Structures are given as structure tokens and as C-alpha cells.
Amino acid sequence: MTQKPIDLEQPPEMAGIIIPWTHVADRPGDERLSETAGLVEALGCELAFLRAEQVRKPTPGYLLSGGLLDRLIMDVKGYDCSMVIIDASLTPIQQRNLETKLGVKVIDRTGLILEIFGLRARTKEGTLQVELARLLYERSRLVRTWTHLERQRGGRGFLGGPGETQLEADKRMIDRAVGRLRRDLEDVKRTRRVQREGRKRRDSRVVALVGYTNAGKSTLFNRLTGADVMAKDMPFATLDTTIRKLDLPVLGEASLVDTVGFISDLPTHLVDSFRATLEEALEADLLIHVRDRSSDADEDQKRDVLDVLQQLAELERVELPPMIEVWNKIDLVPDFVRDGLMAELERTQDRLVAVPVSAITGEGVDELIQAIEDVLDQGRARFQAHLTNKDGAFRAWLYENTQVEDETYSDTGEVSLTLSLTKDEFGRLAARFPKQLNTQIEKVD
Ligand SMILES: Nc1nc2c(ncn2[C@@H]2O[C@H](COP(=O)(O)OP(=O)(O)OP(=O)(O)O)[C@@H](O)[C@H]2O)c(=O)[nH]1
Ligand SMILES: [Mg+2]
């Protein structure tokens with residue numbers, strides 16, 4: 001591994017950051033600057049300088065050139081930096097050239113995010129996924145640094161060129177490790193699948209929180225479930241999926257899932273390797289997209305989140321579950337902007353279920369629970385089941401597996417249950433008790 005774990009005992013590394021942009025339309029706003037600063041702090045580095053630089057013509061060798069590069073060289077010396085972060089995508093060649101020129105470690109956005117993930121991963125699954133993402137990233141760099149490796153390593157190969165042999169060997173080694181990790185992750189996936197099926201059998205509905213990093217998912221999760229998941233003003237506070245019981249007043253017990261946050265330009269390797277965790281979200285009965293409506297970047301973030309979800313759904317070949325939006329951090333939104341949001345809410349209400357909420361103050365949380373129940377309840381229908389005293393097992397099953405709203409007795413001793421069934425539940429009932437379905441169950445309007 002080229003990336004060393006960060007030693008928190010050591011004094012923090014001094015890092016200089018450049019956010020390059022080319023066209024005016026891509027010029028980073030304040031939100032992007034503070035997001036990048038947050039990422040670097042999350043890495044435990046001290047910020048020496050951070051600036052957005054217009055790079056009119058990115059050069060293949062260094063990305064930056066001329067005055068920009070000279071100034072960077074000076075600043076790295078002046079601030080005694082031990083690391084430079086280029087908040088963009090660097091080719092392996094550019095990265096290596098910059099490292100040679102500056103005499104310090106240089107990483108790009110993907111490298112930065114991978115480092116943070118590496119620091120944060122706590123569970124076995126998280127660690128496996130980060131490791132996989134790193135290997136895939138390194139493998140993609142290997143291919144393109146062929147000439148570099150060839151020169152650097154030489155060797156006594158007898159098949160093809162010496163570098164080629166080394167490259168092939170490196171690739172094979174990484175591929176073997178990738179294969180191992182994928183198998184381990186497959187085990188994790190299997191365990192999760194079993195747990196998920198258990199939940200399904202118990203008919204516990206699953207609601208998953210998704211959204212941009214720092215939008216407030218974990219804060220909302222804690223508020224809704226009384227859990228104590230770490231919620232912090234820092235990107236990628238959450239890496240591992242957590243599931244807790246969510247008590248809904250009418251529907252009863254459901255499961256709520258907190259997930260890893262998304263970020264713009266999320267490395268594809270990470271999307272790929274976090275599939276196992278996010279599968280939980282993809283198979284949920286309902287997604288809650290938590291948005292930070294107090295952020296200027298909120299609209300862009302929304303687009304990024306929806307893009308990643310779509311990518312995941314395509315990778316897994318599934319349809320996305322129904323989704324509602326939480327407009328979070330409403331407490332930070334000034335009154336005149338709030339009015340605008342309310343107008344938007346009205347304008348979009350036939351296409352979108354959205355609930356303004358403050359996970360911190362609790363405002364809007366009751367309305368959110370109501371909205372969750374309404375959406376989960378859609379597609380339900382009412383049925384009447386007629387039972388005699390010989391139907392003990394049937395009756396027990398109905399109580400166990402469906403929502404029984406009412407029970408009445410007739411003079412003749414017949415019992416009548418009013419059931420509220422989702423399509424799923426109805427399917428299970430039909431499979432389990434086909435005979436009773438025809439003779440003892442009728443639909444009511
Ligand atoms: N003012 C205000 N702050 C909030 C609200 N919800 C969350 N926050 C703050 O926003 C920051 C991020 O919250 P988290 O709950 O950790 O966000 P997250 O979406 O779980 O972030 P990741 O796990 O990094 O993806 C924390 O400092 C929270 O206190 C809110 O409704 N109002
Ligand atoms: Mg979180």
C-alpha cells in the first residue's frame with residue numbers, strides 16, 4: 001500500500017490545497033471551498049493554504065503550469081508543507097511529476113476521500129470496502145504508470161520487457177487481493193441478506209436515510225430512534241450502516257437505516273465497493289433523501305445524490321424504492337428564504353413528498369413520521385377474514401404476519417377479522433393459505 005495510516009499522535013501534517021477550475025461555470029463557490037477544507041481537516045491535517053486557481057490550459061505533465069506552478073513551489077517551501085492536495089482528478093503521471101517537482105506527497109480528490117474513508121472505517125465490512133476501493137484505485141493507476149514502473153523497477157524478466165513482467169506481477173497480486181476481498185464481502189452480503197429476509201418475514205418495513213455527507217442523516221436517525229450514532233460537522237462521519245427500530249404510531253415497528261453520505265465526484269471505485277452496504281438502502285421500502293436546505297450547494301448536492309443512487313440501482317439491476325425528501329436544517333434558513341421553500345413545497349406537491357424538518361430542534365419531525373406512514377401505507381387494501389373455531393393456526397398466522405385492525409364475533413360463533421394488507425402481505429397470504437383465500441377472505445372497500 002502506498003498510503004500510510006495517519007498517526008494521530010504525530011503533529012498534524014501541513015497541507016496546501018489547490019482547487020483547479022477551467023471554465024467560469026465550474027468556478028468553485030464558497031460551499032466547495034469549505035467542503036474541501038472540511039475534507040482536509042477530517043484527514044487530521046492543518047491547512048497551510050487553500051485557493052481556487054483558474055487553470056486555463058491544463059497541461060498533461062503537471063496540470064498546473066507557469067506562474068501557478070512557481071507559486072505553488074514557493075508556498076510549499078514557505079509554509080513547510082508536507083502534503084499538497086489537488087482537489088481534482090490527476091493522472092498518475094501528473095501526480096508523480098508534481099511530487100518530484102514539489103518534493104512532497106501529492107494526492108488528488110479520490111486519494112483524499114480514500115484516505116478519509118481509511119481513517120473512518122470501523123467495522124470489518126467498512127474496512128473491507130475501503131481496502132477494495134483502494135486496490136481498485138491503485139490498479140487503475142498501475143496500468144497507466146507502466147512506463148514509470150518499467151524504469152523504476154527494471155528486473156530480469158524473460159517474457160516480454162522487464163517492466164512488463166513486473167507490471168503483470170503487480171496486477172496479478174492486486175487481482176488476487178481484490179478477488180479475496182470480493183469473496184469476503186460476498187460473505188458479508190450473504191449475512192446481511194439473511195438478516196434482511198428475517199426482517200421481511202417479521203414484516204418489519206425498512207426505511208433508509210440517504211443523502212449528501214453532512215446533510216444531517218445521523219442527527220435525524222438519532223432523533224427518530226433515540227440512538228446515539230456519531231453525528232458531527234465533518235464529512236463522512238458515518239461510514240457504516242446502522243439499523244435501529246423505528247416505532248410508527250399506526251403501522252407499528254419498522255427498521256430505520258442510517259447510511260454513508262455521498263459527495264460530488266465520488267470515486268467510482270467507492271461507489272462500487274460500498275454496494276454491499278448501500279444494498280440495504282436499495283432494498284428498503286422507502287428512501288428518505290435528507291437534504292441540507294440551508295446550504296447554497298443544496299441543489300447540486302441533490303443532483304449528485306440522485307445520480308449516485310441511479311448508478312447503484314443500475315449496478316444492482318433494481319428499481320429504486322419510492323423516495324420522499326426531508327428538507328433539513330430548516331432552523332438555519334432565514335424567514336424570507338423559508339417563504340420561498342414553502343412556495344416550492346406547494347408547487348411541487350403533486351410530484352414530490354417533502355417535509356421541512358430540523359433534526360436539531362425537532363421541528364417537523366411529527367409531520368415526517370406522518371408522511372412516512374402515509375407512503376408506506378399506500379397500496380394497502382382492506383380485507384375481511386371469516387374464521388371458525390377450527391381456524392386456530394390460520395388466525396395465529398394472520399395476527400403474526402398482517403395488520404389486524406378489528407375483530408368481531410357473530411352470534412353463531414364466527415369470528416371476523418378486518419385486515420389491512422400490502423400487496424406483499426397479500427402475496428404471502430395467497431401462497432400460504434390458497435384454500436382459505438378463495439373461501440374465507442373477501443375484499444372490502
Ligand atoms: N442547525 C442544524 N444543524 C444540523 C441539523 N441536522 C444536522 N445538523 C448538524 O449538521 C452536522 C452534520 O450532521 P450529521 O447528522 O453528522 O450528518 P450526516 O448526514 O450523518 O453526515 P455523514 O455521516 O458525514 O454523511 C452536525 O454538526 C449536526 O449537528 C439541523 O436540523 N439543524
Ligand atoms: Mg452520518
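Me: Which residue of strand 4 stands opposite Ile86?

Reply: To read a strand pair, look for the residue facing yours across it. In this predicted model, Ile86 faces Asp108 of strand 4. The strands involved are strand 3 (residues 83-86) and strand 4, which pair in the parallel sense over four bridges.

Me: In what order do the strands of the sheet lie?

Reply: Walk across the sheet from one edge to the other. Here four strands make up an open sheet, ordered 2-1-3-4, with parallel pairing. Strand 2 (46-54) and strand 4 (105-108) are the edge strands, each pairing on one side only. Direction ignored, neighbouring strands are turned by 20° against each other on average.

Me: Which strands does helix 3 touch, and at what angle does helix 3 run to strand 4?

Reply: Take the contacts, then the directions. Helix 3 (residues 92-102) packs on the sheet against strand 3 and strand 4, and its direction makes about 150° with that of strand 4. Helix 4 (residues 109-120) also touches strand 3 and strand 4, but its direction makes about 95° with that of strand 4.

Me: How many residues of domain 2 are in contact with domain 3?

Reply: Start from the domain bounds. The assignment puts domain 2 at 121-184 and domain 3 at 204-377. Between them, 10 residues of domain 2 contact 10 residues of domain 3. The domain 2 side of this contact has five nonpolar, three polar and two charged residues.

Me: What surrounds ligand 1?

Reply: List the shell, then sort it by class. The shell has 23 residues, with Gly216, Ser218, Asp233, Thr238 and Gly261 the closest. By class, eight are nonpolar, 10 polar and five charged. Helix 8 (residues 217-225) gives the largest share, three residues.

How values were computed: Residues numbered from 1 in each chain as written. Chains lettered and ligands numbered in written order. Predicted model: local features only at pLDDT ≥ 70, side-chain atom pairs only at ≥ 80, totals over all residues. Domains from an automatic or database assignment. Contact = placed C-beta atoms within 7 Å. Nonpolar A, V, L, I, M, F, W, Y, C, P; charged D, E, K, R; others polar. Near = placed C-beta within 6 Å. Helix = DSSP H or I, 4+ residues; strand = E, 2+ residues; numbered from the N terminus. Pairing = 2+ DSSP bridges. Axes fitted to C-alpha atoms, helices over the stretch in contact; angles between N-to-C directions.
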